[in-house]
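I opened a fresh page for this one and pulled up the sequence and the fold. Here is what I had on screen.

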Amino acid sequence: MKTKRTLAWAALLLLALVVASPVQLAQTIVSSIRGRVTDPQGAVISGATVTVREIATNLTRTARTDDTGHYLAATLPSGTYELKVDSAGFATEQRSNVGLFVAQELTLDFSLTVAT
């Protein structure tokens, strides 16, 4: 009787591990890009729009900077990206050919110049 109960618990544990495996895999294959947006004097720019576009698939994500000037574009697949940062009163800043690898957490900061 005790052996059957032990086998049942072992089978249940094995089933839980099998079911959870794809979830764990999915969490590790995505990447993120984060950073901080400032002006030329180093003051933070809150509310800036950061557009992240994967070049091959045209997958586009948009993030906004918080009160500390930080942004986060999460759950991105690996690939080559283009980032564009816009904020009122500042010139648009763009970076192209940004490589993002599997499970990478890339930090990419921007310093925007005042628009003319």
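My notes below cover a sheet and then one aspartate.

Entry 1, the sheet. I'm working with a predicted model, so I keep that in mind throughout. I looked up the strand order and got S3-S2-S5-S6, an open sheet of four strands with antiparallel pairing. Next I asked why one side of S3 and of S6 is left without a neighbour in the sheet. Strand S3 (60-64) and strand S6 (93-100) stand at the edges, and each has a single partner strand, so there is nothing in the sheet on the other side. I also checked the twist: on average, neighbouring strands here are turned by 20 degrees against each other, direction ignored.

Entry 2, one pairing. I picked strand S5, residues 79-86, and its partner S6. The two run antiparallel and are joined by six bridges. I noted Tyr81, which stands opposite Val98 in S6. A reminder to myself: strands of a sheet pair through backbone hydrogen bonds.

Entry 3, Asp109. Where does Asp109 sit? I found Asp109 in the loop between strand S7 (105-107) and strand S8 (110-111). Is Asp109 buried or exposed? Neither, quite: Asp109 is partly exposed because its relative accessible area is 44%, between the 20% and 50% cut-offs.

Entry 4, who Asp109 meets. Leaving out residues up to four places away in sequence, I listed Gly35, Arg36 and Arg95 as touching Asp109. A polar atom of the Asp109 side chain lies 2.8 Å from the backbone nitrogen of Arg36. I also looked at Val37: its C-alpha atom is 5.9 Å from that of Asp109, though the two residues are 72 apart along the chain.

Technical notes: Residues numbered from 1 in each chain as written. Predicted model: local features only at pLDDT ≥ 70, side-chain atom pairs only at ≥ 80, totals over all residues. Heavy atoms only, no water. Pairing = 2+ DSSP bridges. Axes fitted to C-alpha atoms, helices over the stretch in contact; angles between N-to-C directions. Buried < 20%, exposed > 50% of the residue type's maximum accessible area, 1.4 Å probe, protein only. Contact = heavy atoms within 4.5 Å. Polar contact = N/O pair within 3.5 Å; in protein donor to acceptor, adjacent residues only side chain to side chain.
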